[in-house]
Amino acid sequence: MKKLLILGAGIYQVPLIKTAKAMGIQTIVASIPGNYPGFELADKVYYENTTDYQKILEIAKEEGIDGIVTAGTDVAVITIGKVCDELGLKGLSAEAAECATDKLLMKQCYEKYGVRSAKFRRISFDDADYAKSIEDLTLPVMFKSVDSSGSRGITKVDDPSGFEAARQNVLENTRSGYFIVEEYVEGEEFGAQAFVQDGKLEFILPHGDYVFKGDTGVPVGHFAPYDLDSEVIEDARKQLAGAARAMQLDNCAINADFILKDGKTYVLELGGRSGATCLAELVSIYYGFDYYEKIIRVAIGEKVDFSECDKVDSTLSGTPNASHLLMSDKDGIIVSQTDGNAPDPDICEVQFDYKPGDSVHKFKVGPHRIGHVITKGKSLDDAVALLNKALENIHIEVE
Ligand SMILES: Nc1ncnc2c1ncn2[C@@H]1O[C@H](COP(=O)(O)OP(=O)(O)O)[C@@H](O)[C@H]1O
Ligand SMILES: [Mg+2]
């Protein structure tokens, strides 16, 4: 029996655990303790911090794993890279993983290889004169920690009077001695899912994002296909391919964030794993295969056939689909939750993350999600109309 080490036991790793089990693979899950749904699904659990590379490596060796994988989060990507390098497993390299989880390294890669991305500066926390170093950037700018995710430590600043508070926000959300400031790119946010196998980009699927405007944009849903002029799509593909090459991402899923400004795609960042908020599901539904299964097969060392993607892309025959998170507009306890939707084959999934009695947060960032809905349709308009209807029929009462 093959053994797969899955890092994380949260909502975004649950489909990996379920799929691997259905494939007859033994699932070993490592995660910090907590109220995570993956624990009860896994064949074996290690309550360890997935960023503790030495511990995870020890487990990997002891178990004699065939592969190591995660989905939907960057937290453990470095550990995966290091374990893959150390044990000769299929997956992204430590070097690529470091680049994918450090916004400064990433931006430097993009600059070096001519990938279109916002102009930036590296700033040390001990540089009292830092405002000088960013004088030549055009306002507004984004202050960003290099090592966080989910919009933590990121602030948009419209004029210099906001610099100090933004710097303070970075400081509270980083372990690094420096951060980056980059120009704000005013435009429409979108993204793409992709996969590289043995140096080949197997597919690139651009998708539209529904963005919740909090302190920064937080993706709360997605849809595909993303209807753009073919030159724009081509440019997005070129930027993504260039960014992946620059970062040396290989044998991993890619989650890309872009901003479209004046018909040009700016790369915000690439992650070396599949996207959160129903993005792996978006790929599965669009191409008509189980994306989690492919991710797992590559991770355990199989050569995986992605030829469906070329067929679907060349005939524009992907299945349109859309998804949205369920969110609470206040902190509190779930009193009741009901899904009033009649069974419909085009409502692919309605998921509640919690049970009545569980406490939830007023939605500000991705981890505050309380569920999701995914729909498909003959056209994207159909899928989106059904998504809106399905969302209206879901009632979650929080007190
Ligand atoms: N240069 C930028 N211009 C415009 N918006 C940005 C820029 N950088 C970040 N953002 C906004 O902030 C969000 C989070 O930034 P990102 O760099 O993707 O960090 P995270 O790792 O937290 O997702 C983005 O999804 C986008 O909405
Ligand atoms: Mg991002």
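Biologist: Let's start with the hairpin of β12 and β13. Which residue there takes a positive phi?

Modeller: Keep in mind that this is a predicted model. In that hairpin, two residues sit between the strands, and D262 takes the positive phi, near 50 degrees.

Biologist: And how many bridges join β12 to β13?

Modeller: Seven, and the two strands run antiparallel. To see one bridge partner, start at L260 and look across into β13, where you'll find T265.

Biologist: There's a metal around here too. Which residues coordinate the magnesium ion?

Modeller: For a metal site, look for the donor atoms and their distances. Here D257 (OD) and E269 (OE) coordinate the magnesium ion, ligand 2, at 2.0 to 2.2 Å. D257 belongs to strand β12 (residues 252-261) and E269 to strand β13 (residues 264-271), with the pair twelve residues apart. Just be careful about calling the site complete, since water is not among the atoms.

Biologist: What sits on the other side of β12, then? How many bridges join β9 to β12?

Modeller: Nine bridges join strand β9 (residues 188-197) to β12, again antiparallel. If you want a spot to click on, A194 has I254 in β12 as its bridge partner.

Biologist: How do I read the whole sheet? In what order do the strands come?

Modeller: Walk across the sheet from one neighbour to the next, rather than along the chain. You get β13-β12-β9-β10-β11-β14-β18-β16, eight strands in an open sheet with antiparallel pairing. β13 and β16 (347-352) are at the edges with a single partner strand each, so each has one side without a neighbour in the sheet. From one strand to the next, the twist averages 25 degrees. As a reading aid, side chains in a regular strand alternate between the two faces of the sheet.

Biologist: What about the sheet with β5 in it? Which are its edge strands?

Modeller: That one is an open sheet of four strands, ordered β5-β8-β6-β7, with antiparallel pairing. Its edge strands are β5 (120-124) and β7 (155-157), each pairing on one side only. The twist from strand to strand averages 25 degrees here. Inside it, β6 (residues 141-145) and β8 (residues 178-183) pair in the antiparallel sense over five bridges; for example, M142 has E182 in β8 as its bridge partner.

Biologist: Now the empty spaces. Where does the largest cavity lie, and why there?

Modeller: For a cavity, ask which parts of the chain supply the lining. Domain 1 (3-89) and domain 3 (188-319) both contribute residues, so the largest cavity lies between them. Its volume is about 180 Å³. The lining has 19 residues, and V69, N251, C252, A253 and G272 lie nearest the centre. β4 (67-69), α3 (77-87), β12 and α10 (291-299) each supply at least two lining residues, so to speak of our hairpin again, β12 takes part here as well.

Biologist: Which classes of residue make up that lining?

Modeller: Twelve are nonpolar, five polar and two charged.

Biologist: And the second largest pocket? How much space lies in it?

Modeller: About 270 Å³. Of its 13 lining residues, P225, Y226, I233, Y286 and L316 are the closest to the centre. β10 (200-213) and α8 (230-247) each supply at least two of the lining residues, and β10 gives the largest share, with three. By class, nine are nonpolar, one is polar and three are charged.

Methods. Residues are numbered from 1 along each chain as its sequence is written. Chains are lettered from A and ligands numbered from 1 in the order in which they are written. This is a predicted model: local features need pLDDT of at least 70, side-chain atom pairs count only at pLDDT 80 or more; totals for chains, interfaces and linings use all residues. Side-chain values use heavy atoms; hydrogens and water are left out. Donors are N, O and S atoms within 2.8 Å of the metal (3.2 Å for Na, K and Ca); water is not among the atoms, so sites may look incomplete. On a 1 Å grid over the protein atoms alone, a cavity is a set of points where a 1.4 Å probe fits but cannot get out, and a pocket is an open set with protein on both sides within 12 Å along at least five of seven lines; lining residues have an atom within 4 Å of a point. Grid points are joined across faces, edges and corners, and a volume is the space filled by probe spheres set on the points. Ala, Val, Leu, Ile, Met, Phe, Trp, Tyr, Cys and Pro count as nonpolar, Asp, Glu, Lys and Arg as charged, and the others, Gly among them, as polar. Domain bounds come from an automatic or database domain assignment. Two strands pair if DSSP finds at least two bridges between them. Axes are lines fitted to C-alpha atoms, for helices over the stretch in contact, and angles run from 0 to 180 degrees between N-to-C directions.
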